[in-house]
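Biologist: Please take a close look at one part of this model for me. I should like a connected account that a first-year student can follow.

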Amino acid sequence: MTEHQLLLRLQQLDKQSAVLEEQRQRNGLSAYEGRESRLREELQAKSARCEQLERELAHGQAELAGLEQEIVSLQRELTRASGYDIALVQNRLTPALARKGTLEEELLQVMLELEELPAQLPPLREGLAEVQAELEEARPEEQERLEDLNLRLQMYAQERLMVVEQLPPTLVVGYQKTGRIDEIRQGRCRCRLEIPDHYQRQIRLGHGWVCASCGSVLVQTLTP
Ligand SMILES: [Zn+2]
């Protein structure tokens, strides 16, 4: 192979490797993983909310029972009270009744939410199990895809080493700097620098040449 051919092969290998590398970076499972984590988070949040509501309900019901007892005994006290005592008992009864009203309102809200929320959990659990199963099913395929990519990348890397070994270091370094390989046009580089005759002859023979001005690597033609 001439330097010219080796250089073009080197560039081709780098381009193909870049494409494969990009494919390797792409996660074939991300759509499943995204759905899985969204469902899991929703399920966790709703389960936690359910538990909180149940605690609130139990706590509120206990408070309500206590209040009701207190109200009954205050009302009994009121029937027996006379004079100034009536006002004293009334002063305790009024806030107790008000608190009972608020509490009943709060408990009603809790119960309404508890009527709806738990029913949402089973479909979420099912959806989560489904997407987890899909994820497990897709995993071996993704593994295979990555292994295949790795294998091809290794092959390219090995061939690249062989190509590089056959090229003069100045050409490799020059190519590495710009990544640019250009063909010579009417004795000039793309940057308009005129190439000395001696090097033009070399290039025609299949050698490469690094432009002293713009750093492009010059070859006779880009057609392989
Ligand atoms: Zn140039």
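Modeller: Eight residues of domain 1 are in contact (C-beta atoms, placed from the backbone, within 7 Å) with nine residues of domain 2. On the domain 1 side, the largest share, six residues, is supplied by helix α1, which covers residues 3–25 (a helix is a DSSP run of H or I with at least four residues, a strand a run of E with at least two, numbered from the N terminus). By class, this side of domain 1 holds five nonpolar residues, two polar ones and one charged one (Asp, Glu, Lys and Arg count as charged; Ala, Val, Leu, Ile, Met, Phe, Trp, Tyr, Cys and Pro as nonpolar; the others, Gly among them, as polar).

The model is predicted, with local features requiring pLDDT of at least 70 and side-chain atom pairs pLDDT 80 or more, while totals for chains, interfaces and linings use all residues. Residues are numbered from 1 along each chain as its sequence is written.

The domain assignment, automatic or from a database, places residues 3–167 in domain 1 and residues 171–219 in domain 2. Although the two domains touch, their C-alpha centres are 60 Å apart.

Helix α1 also packs against helix α3, residues 84–166: their axes come within 9 Å and cross at roughly 160° (axes are lines fitted to C-alpha atoms over the stretch in contact, with angles from 0 to 180 degrees between N-to-C directions). Helix α1 is therefore roughly antiparallel to α3 (an angle over 145 degrees). From α1, the residues in this contact include L6, L10, L13 and L20, and from α3 they include L146, L149, L153 and V163. Charged residues take part as well, among them R9 and E21 of α1 and R152 and E159 of α3. The whole contact of α1 with α3 divides into 10 nonpolar, four polar and six charged residues.

Helix α3 has a further partner in α2, residues 30–80; the axes of α2 and α3 are 5 Å apart, at an angle of about 160°. That angle makes α2 roughly antiparallel to α3. In the contact of α2 with α3 there are 29 nonpolar, seven polar and 18 charged residues.

An open sheet of three strands, with mixed pairing (at least two DSSP bridges for each pair), has the order β1-β3-β2. Strands β1 (181–183) and β2 (209–210) are at the edges with a single partner strand each, so one side of each has no neighbour in the sheet. Strand β1 runs parallel to β3 (residues 217–219), and three bridges join them. In one bridge, D182 is partnered by L218 of β3.

How values were computed
Angles under 35 degrees count as roughly parallel, over 145 as roughly antiparallel, 65 to 115 as roughly perpendicular and the rest as oblique.
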